[in-house]
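Biologist: I'd like a close look at one part of this model, with a bit of context around it. Here it is.

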Amino acid sequence: MATPTLESYFSAIKDALAEQNLRQVVDISQAGLRDYPMDAELAKVEIVALIKTEKASLALGAIRKARSAKVLPPRGMEYEAAYCHFALKRYAEADRLLEKLEAGPAVKRLQAQVAYKSGRFIKCIEIYKSLLSSSELGSSEHDELRLNLAAAKAAAAQAGSKAQDTDSNSDDATEDYELMFNVATRQLAEDKAQEAAELLDAAAERANAVLATERWADQDIQGEVGPIEAQRAVALQTLGNIEEAGAIYVKLVSQHTLDHATRAIVVHNLAMLGAQKGPVSFKAAAKIKRALQISRAKPCTLNRQQCARMAYNMAVIQFLQRQYTTARRSLVELGKRYSDCVLPSTGLLSAYISLKLYGSNKALNELAALSHTHAADVGVLATLAAAQVAVSLGDAERAVTILRTWRDKADTASLNLLACSAEEFSRYYFGICQLIHWLAPESASFADISNAAAHLYSEVCKHPSPTASLFAAVGDCLTYAGDMAKAHECFSKAKSVASASGLSIDTLGSELMASVLAVDGDEIQPTTQLLKGYGRRRQVLKSIPGIPPRVARRFCPRFDVSSKDRSVKKTSASVVLAERRLIQHQARRQRKLANSPPKNYAPGRSPDSERWIPLRQRSYYRSRGRANQQQKQRGGAQGGTAEAGWGLGNTGSARIAGREEGNVAAADAPKSREDADPSSVPAPASKAKQKGGRGKSKPKSKSKRNAW
């Protein structure tokens with residue numbers, strides 16, 4: 001049979017491409033390479049067709065085979081090889097190959113996608129901005145680049161990366177629902193939930209209108225609009241509209257057109273909503289576990305951080321269901337599977353589980369380690385929890401040590417470089433300084449509290465853009481410290497900043513701002529005296545910033561500090577009533593014993609120490625009759641002798657201690673109860689079995705008696 005010509009192979013490839021049959025293109029090119037193995041064009045067609053059919057590993061193997069056979073040059077089809085590595089999620093190797101190529105538009109696009117997938121969102125944004133600047137305005141390429149740029153900005157905001165956005169107006173979307181979705185996602189990550197919810201609502205309406213105009217099927221429209229609705233439900237949940245968000249989640253779960261990633265997120269969020277509404281049911285943990293199974297078993301686009309958050313929430317619900325061992329296993333699996341994902345609250349949950357399973361000491365050690373290793377803003381909750389556990393154990397010295405270590409670390413922290421809000425950190429800092437003063441009054445002074453307030457004032461003065469809430473928080477701390485002049489200054493600045501932003505001073509979270517601003521300069525001293533007159537318990541429970549009341553009760557002493565005698569403790573009415581009932585019960589019991597004492601009761605004699613041992617095993621028991629004769633004929637304890645200190649322990653059974661090996665003679669038994677020695681107890685005696693009535697039992701033979 002004649003070999004087909006090379007032109008016939010290319011003609012067949014052209015016909016297959018016209019029919020869009022890429023698998024046939026792969027088969028024809030492979031057959032042509034068997035007849036013409038050194039043809040470079042057939043090798044290129046095979047590689048491109050394999051890439052188009054999403055067989056990146058086979059395409060990469062074909063490139064290597066062609067290079068080794070010298071069909072292609074050593075650097076031939078380098079871009080295609082980089083794309084194969086990108087498709088196989090080998091982003092580092094793909095980036096290395098792309099760096100060697102000339103920076104054209106196609107190379108830059110692939111570099112941007114590699115940077116996006118590998119989490120380098122800042123580089124991705126820079127590449128898309130350079131491509132957008134060179135694209136034609138109004139073209140499809142320009143719109144696609146705008147969409148990808150918005151997606152990169154949203155991902156960067158979710159990851160916490162800060163990129164300089166010099167052209168913020170470039171993301172203004174009024175017609176493209178995909179661009180609106182990406183912009184709203186970025187706004188949601190930037191804590192602009194209200195704006196994100198409004199934009200997502202408009203995006204959903206726009207998507208329904210556009211897709212209906214293009215005559216999409218209803219199921220396809222639901223699948224396209226589903227992620228937008230899910231994101232809107234997240235925004236509503238952030239705003240506190242739980243009922244509306246739950247209704248959207250239930251509607252989305254009933255649909256079968258969602259992709260696997262969106263379905264996993266919806267199921268997880270619905271489970272968390274059910275856990276927040278009331279008593280935690282076992283269905284919540286099962287739903288989250290199902291969401292994790294969806295994200296692992298199906299081709300899913302969830303990132304590792306989202307999966308780690310789902311696993312952590314499942315452990316939280318198991319802890320709330322009092323399944324502490326199961327929650328511990330979930331945390332261990334979380335650490336093994338997602339070791340690269342950082343969740344600061346995981347350590348706190350582990351400490352709470354240790355508190356339930358192993359006790360306070362282990363939990364205290366874990367919390368103290370968290371407070372020591374984490375930064376001041378991240379470890380503040382662990383610090384307060386560790387101090388609370390230490391105080392509950394009666395170790396106030398260790399609580400003070402933990403709090404002082406955190407305070408020294410917080411002194412070096414800057415208010416504009418914190419993971420949490422600066423106002424919240426300021427309240428925690430001042431509250432912890434007050435706790436140190438109260439837990440160790442002999443080693444601390446009121447000057448430490450004044451210094452803490454002065455430190456916060458200096459930090460807020462250095463802040464590049466302080467908010468009204470930050471000024472109000474520092475003003476509260478200065479008021480409690482007694483520095484009314486600086487407090488008045490901070491409250492005045494807070495009022496001016498709030499008025500410039502259109503906010504009311506009632507929304508700043510300050511209890512003292514209105515009263516301090518209402519006082520003139522001549523009346524500052526009476527205001528200070530008024531604040532000093534507050535009781536200590538009222539300060540702890542109401543006035544200390546950043547300390548919840550349940551935590552504060554642990555630190556608050558149970559006596560009135562306003563009285564002079566601080567050694568006298570206050571007792572509640574319930575405690576007094578319980579003590580009175582106990583005294584009455586003891587008096588009633590003594591009267592009952594005096595009127596009708598038990599048998600052989602003597603007030604001056606101590607009770608029998610062997611009353612819990614069976615009668616025949618007591619040291620003062622003496623057998624009678626036939627049992628006494630058998631007692632004399634026995635050879636002692638059977639099965640070997642017990643050595644001193646190797647008995648069964650304090651279980652109430654008799655032991656043979658301090659004896660030599662051999663028999664225990666009946667003559668060694670004590671003659672009276674007073675002479676009884678509980679350390680030397682004879683072997684228990686057994687009574688012969690009676691047949692019944694008053695007749696004598698049949699004596700056993702001598703051989704059997706010796707055997708016993």
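Is aspartate 95 buried or exposed? And while you're there, take me through the charge pairing around that residue, then on to other spots worth a click.

Modeller: Sure, with the caveat that this is a predicted model. Aspartate 95 counts as buried, because its relative accessibility is 13% and the cut-off for buried is under 20%. Its side chain meets that of lysine 123 in a salt bridge, at 3.9 Å from N to O. That pair links distant parts of the chain: aspartate 95 belongs to helix α6 (residues 91-99), lysine 123 to helix α8 (residues 121-134), and 28 residues separate them. The lysine end is a bit of a contrast: lysine 123 has a relative accessible area of 27%, so it goes down as partly exposed.

Next, the other salt bridges. The structure holds 15 of them. Go to arginine 232 and glutamate 244, whose side chains meet at 3.8 Å, N to O. Arginine 232 sits in helix α12 (residues 218-239) and glutamate 244 in helix α13 (residues 242-254), so this bridge ties together parts twelve residues apart in sequence. Here the arginine is buried, at 14% relative accessible area, whereas glutamate 244 is partly exposed at 40%. Then there's aspartate 483 with lysine 486, another salt bridge, at 3.9 Å from N to O. Aspartate 483 comes out as partly exposed at 29% relative accessibility, and lysine 486 is also partly exposed at 29%. Back at your starting point, salt bridges with shared partners join Asp95, Glu99, Arg120 and Lys123 into one network.

For charges of like sign, look at the surface patch of negative charge where Glu195, Glu198, Asp201 and Glu205 gather. Glutamate 198 of that group is placed in helix α11 (residues 193-213).

Now follow helix α13 out into the loop between α13 and α14 (260-277), and you'll find glutamine 255. Glutamine 255 is buried, with a relative accessible area of 13%. Leaving aside residues up to four places away in sequence, glutamine 255 touches Gln222 and Arg263. Its C-alpha atom is 8.9 Å from that of glycine 226, a residue 29 positions away along the chain.

If you like checking backbone torsions, try the loop between α4 (56-68) and α5 (78-87), where lysine 70 is found. Lysine 70 has a positive phi of about 65° despite not being a glycine. In that loop you'll also find methionine 77, which isn't a glycine either but has a positive phi of about 50°. Their surroundings differ: lysine 70 is exposed at 71% relative accessibility, but methionine 77 is buried at 13%.

Zooming out, the secondary structure comes to 32 helices and zero strands. Of the 708 residues, 38% are buried. Among contacts with a separation of 6 or more, 58% are between residues 24 or more positions apart. The protein exposes about 42,300 Å², with carbon and sulfur atoms supplying 51% of that area.

Definitions and conventions
Residues are numbered from 1 along each chain as its sequence is written. This is a predicted model: local features need pLDDT of at least 70, side-chain atom pairs count only at pLDDT 80 or more; totals for chains, interfaces and linings use all residues. Side-chain values use heavy atoms; hydrogens and water are left out. Patches are made of residues with over 30% relative accessible area and no salt bridge: like charges are joined within 9 Å, nonpolar side chains (Val, Leu, Ile, Met, Phe, Trp, Tyr) within 5 Å. Accessible areas come from the Shrake-Rupley method with a 1.4 Å probe; for residues, only the protein chains shown count as cover. A salt bridge is a side-chain nitrogen of Lys or Arg within 4 Å of a carboxyl oxygen of Asp or Glu. Lys and Arg count as positive and Asp and Glu as negative; His and the chain ends are not counted. The place of a charge is taken as NZ of Lys, CZ of Arg, CG of Asp or CD of Glu. Helices (H or I, at least four residues) and strands (E, at least two) are DSSP runs, numbered from the N terminus. Buried means under 20% relative accessible area, exposed over 50%, partly exposed in between (1.4 Å probe, protein chains only). Contact means heavy atoms within 4.5 Å.
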